[in-house]
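Here is a short report on one protein chain. Look over the sequence and the fold before reading on.

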Amino acid sequence: MKIAIYPGSFDPITNGHIDIINRASDLFDKLIIAVASNNSKQSLFSKQQRVEILEESLSNNNIEIDSFDGLLVDYATNKNVFTIIRGLRTLSDFDYEFRMAIMNRNLNQSIETIFLMTDEKYSHISSSSIKEIYLLGGDIDTFVPKAVLSKLNQVNNEKNNK
Ligand code: PNS
């Protein structure tokens with residue numbers, strides 16, 4: 001059985017991530033989508049909320065949604081899965097992704113990273129820009145699945161009711 005892990009912060013998941021998930025789930029028997037903390041980024045949603053959004057947004061029948069702390073290579077080793085999927089939007093993504101792939105391979109020689117390119121219609125979408133647009137009052141409806149918007153409303157309502 002060919003299994004791959006698609007790790008990411010998914011804070012929040014975007015339509016570009018969904019495009020990569022659909023492509024990868026067509027290529028592999030099973031795809032594990034693994035929500036991680038990215039220590040260099042401030043998060044909008046908790047890890048649990050991000051997992052819930054993924055569960056509501058995805059209906060592929062060969063995916064598993066999970067989360068992890070610590071190193072990706074350790075998570076992958078524990079799962080006995082050595083193929084990592086990462087998405088590329090533009091050439092500027094490549095530098096960061098290349099360094100991460102090589103570092104992960106240095107940490108564990110068995111790890112192989114496979115890059116998939118998003119449809120160019122998503123190449124301008126990033127979770128960071130979605131967060132900024134949302135926090136500054138802009139409209140993000142066309143960039144993210146509906147579950148992101150409902151979770152944002154839920155989080156805001158909970159805040160206002162406190
Ligand atoms: O969606 P992102 O923020 O680009 O995903 C980055 C992520 C979460 C895949 C990366 O930061 C990661 O693998 N974090 C887990 C900790 C780790 O293994 N760090 C070393 C990476 S070389």
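The notes below go from the first strands to the cores, then to helices and single residues.

**First strands and crossover**

This is a predicted model. Strand β1 covers residues 3-8. The strand is mostly covered, with five of its six residues buried. Its partner is strand β2, residues 30-36. The two strands run in the parallel sense and share six bridges. Within this pairing, Y6 stands opposite I33 in β2. Between the two strands the chain passes through helix α1, residues 15-27. This β-α-β crossover is right-handed.

**The loop from β1 to α1**

The loop between β1 and α1 holds F10 and P12. F10 has a positive phi of about 50 degrees, although it is not a glycine. Is F10 buried or exposed? F10 is buried, because its relative accessible area is 3% and the cut-off for buried is under 20%. D11 and P12 are joined by a cis peptide bond, with omega about 0 degrees.

N80 also has a positive phi, here about 60 degrees, and is not a glycine. N80 sits in the loop between α3 and β4. At 60% relative accessibility, N80 counts as exposed.

**Nonpolar cores**

The largest nonpolar core has 30 residues. Those with the most contacts inside this core are I13, I21, L31, I33 and I85. Five elements each supply at least two of its residues: β1, α1, β2, α2 (47-57) and α6 (146-160). Another core, of twelve residues, lies apart from the largest one. Among its members are I5, L72, V73 and Y75.

What does I21 touch, leaving aside its neighbours within four places in sequence? I21 is in contact with Y6, I13, L31, I33, L58, N60 and I63.

**Helices α1 and α4**

Both helices can be checked for length. The 13 residues of α1 should span 18 Å at 1.5 Å a residue. The end C-alpha atoms of α1 are 19 Å apart, which agrees. The 17 residues of α4 should span 24 Å on that rise of 1.5 Å a residue. The end C-alpha atoms of α4 are 25 Å apart, which agrees.

The buried residues of α1 are N15, G16, H17, I18, D19, I20, I21, A24 and S25. At the start of α1, a side-chain oxygen of T14 comes within 3.1 Å of the backbone nitrogen of G16. D26 is also in helix α1. D26 is exposed, because its relative accessible area is 67% and exposed means over 50%. D26 and N60 are 34 residues apart in sequence, yet their C-alpha atoms are 9.4 Å apart in space.

In α4, the buried residues are D93, E97, A101 and N104. Which elements do the buried residues of α4 pack against? They pack against α3 (72-79), β4 (83-88) and β5 (112-117).

**Selected side chains**

The table sets out three helix residues and their accessibility.

| Residue | Helix | Relative accessibility | Class |
|---|---|---|---|
| E97 | α4 | 5% | buried |
| R50 | α2 | 5% | buried |
| S129 | α5 | 25% | partly exposed |

E97 touches R86, G87, L88 and F115, not counting residues up to four places away in sequence.

R50 is in contact with S9, F10, D11, V35, A36, S43 and F45, leaving aside its neighbours within four places in sequence. One polar atom of the R50 side chain lies 3.1 Å from the backbone oxygen of F45. F10 and D11 thus appear again: both are in contact with R50.

S129 belongs to helix α5, residues 127-135. Why does S129 count as partly exposed? S129 has a relative accessibility of 25%, so the residue falls between the 20% and 50% limits. A polar contact of 3.0 Å joins the side chains of S129 and S126. S129 is 113 residues from G16 in sequence, and the C-alpha atoms of S129 and G16 are 13 Å apart in space.

Definitions and conventions. Residues numbered from 1 in each chain as written. Predicted model: local features only at pLDDT ≥ 70, side-chain atom pairs only at ≥ 80, totals over all residues. Heavy atoms only, no water. Helix = DSSP H or I, 4+ residues; strand = E, 2+ residues; numbered from the N terminus. Buried < 20%, exposed > 50% of the residue type's maximum accessible area, 1.4 Å probe, protein only. Contact = heavy atoms within 4.5 Å. Pairing = 2+ DSSP bridges. Right-handed = clockwise from strand over helix to strand, strands pointing away. Core = buried A, V, L, I, M, F, W, Y, C linked by side-chain atoms within 4.5 Å. Polar contact = N/O pair within 3.5 Å; in protein donor to acceptor, adjacent residues only side chain to side chain. Expected span 1.5 Å × (residues − 1).
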